Amino acid sequence: MTMPKNAIVTGAASGVGLCCARMLLGGNTQLAVIDIQPAALHAAFADVRDRVFSQTVDIAEPAACKAAVEAAIDALGRIDALLHFAAVWTSLWPFSHSMKE
C-alpha cells in the first residue's frame, strides 16, 4: 500500500481517527489533524508536534471546514488524502431499540 505524502485526519484526538493518524505517521506522512477538543488533540500528538499541523475545528460549520482545509494546504503544500472520522452521535437508533417479531 502506498502511503499518502500529506493527509488531513478529522476526529484525530481519539478513537479510529487517532489510530489512523498514528498509522500514517508511521509511514512518514505529514498530517493536518483536526478535532473539536483542543486539549485532547494537543495531548494526542505532543510527541510528534514537528510532524503534524493541529487545528481545533467544529466540522459542523462549513466556513470553518473551508478555512481548515486552506490552512492545511498552506502548512503542508498539498493534500493527498482526507480521512474523515469526526462525528457526533446523538442516538444509536435503530440500534438501541429492538424490533418486535
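Trainee: What makes up the order of elements in the protein chain, from the N terminus on?

Mentor: From the N terminus on, the elements run β-α-β-α-β-α-β, and the protein chain has three helices and four strands. Helices here are DSSP runs of H or I with at least four residues, strands are runs of E with at least two, and both are numbered from the N terminus. This is a predicted model, in which local features need pLDDT of at least 70 and side-chain atom pairs count only at pLDDT 80 or more, while totals for chains, interfaces and linings use all residues. Residues are numbered from 1 along each chain as its sequence is written, and side-chain values use heavy atoms, with hydrogens and water left out.

Trainee: How do you know that β1 and β4 pair?

Mentor: Two strands pair if DSSP finds at least two bridges between them. Strand β1 (residues 6-10) and β4 share four bridges in the parallel sense, so the condition of at least two bridges is met. Ile-8 stands opposite Leu-82 in β4, and Ile-8 also stands opposite Ala-32 in β2.

Trainee: What joins β2 to β1 and to β3?

Mentor: Five bridges join β1 to β2, which run parallel, and five bridges likewise join β2 to β3, again running parallel. Between β2 and β3, Ile-34 stands opposite Gln-55, and Asp-35 has Thr-56 as its bridge partner.

Trainee: Why is one side of β3 and of β4 left without a neighbour in the sheet?

Mentor: The four strands form an open sheet in the order β3-β2-β1-β4, with parallel pairing. Since β3 (52-56) and β4 (81-84) stand at the edges and each has a single partner strand, one side of each is left without a neighbour in the sheet. Neighbouring strands are turned by 15 degrees against each other on average, direction ignored, where axes are lines fitted to C-alpha atoms, for helices over the stretch in contact, and angles run from 0 to 180 degrees between N-to-C directions.

Trainee: What makes helix α1 a helix that packs on the sheet?

Mentor: Contact means heavy atoms within 4.5 Å, and helix α1 (residues 15-26) touches β1, β2 (30-35), β3 and β4, with a direction that makes about 165 degrees with that of β1. Helix α3 (residues 62-76) lies across β1, β2 and β3, and runs at about 160 degrees to β3.

Trainee: Why is the unit of β1, α1 and β2 called right-handed?

Mentor: A crossover is right-handed if, with the strands pointing away from the viewer, the path from the first strand over the helix to the second runs clockwise. The unit of β1, α1 and β2 is a right-handed β-α-β unit, and β2, helix α2 (residues 38-44) and β3 make a right-handed one as well.

Trainee: Why is Thr-10 called buried?

Mentor: A residue is buried under 20% relative accessible area, exposed over 50%, and partly exposed in between (1.4 Å probe, protein chains only). Thr-10, found in strand β1, has a relative accessible area of 6%, and therefore counts as buried. Among the residues that Thr-10 touches, not counting those up to four places away in sequence, are Gly-17, Ile-34, Leu-82 and Phe-85.

Trainee: How do you know that Asn-28 and Ala-43 count as exposed?

Mentor: Asn-28, in the loop between α1 and β2, has 62% relative accessibility and so counts as exposed. Ala-43, which lies in helix α2, has 56% relative accessibility and so counts as exposed too.

Trainee: What is the phi of Asn-28?

Mentor: Asn-28 has a positive phi of about 65 degrees, although it is not a glycine. Most residues other than glycine have a negative phi.

Trainee: What makes β2 a strand that is mostly covered?

Mentor: Five of the six residues of β2 are buried, and in that sense the strand is mostly covered. Of the 101 residues of the protein chain, 31% count as buried.
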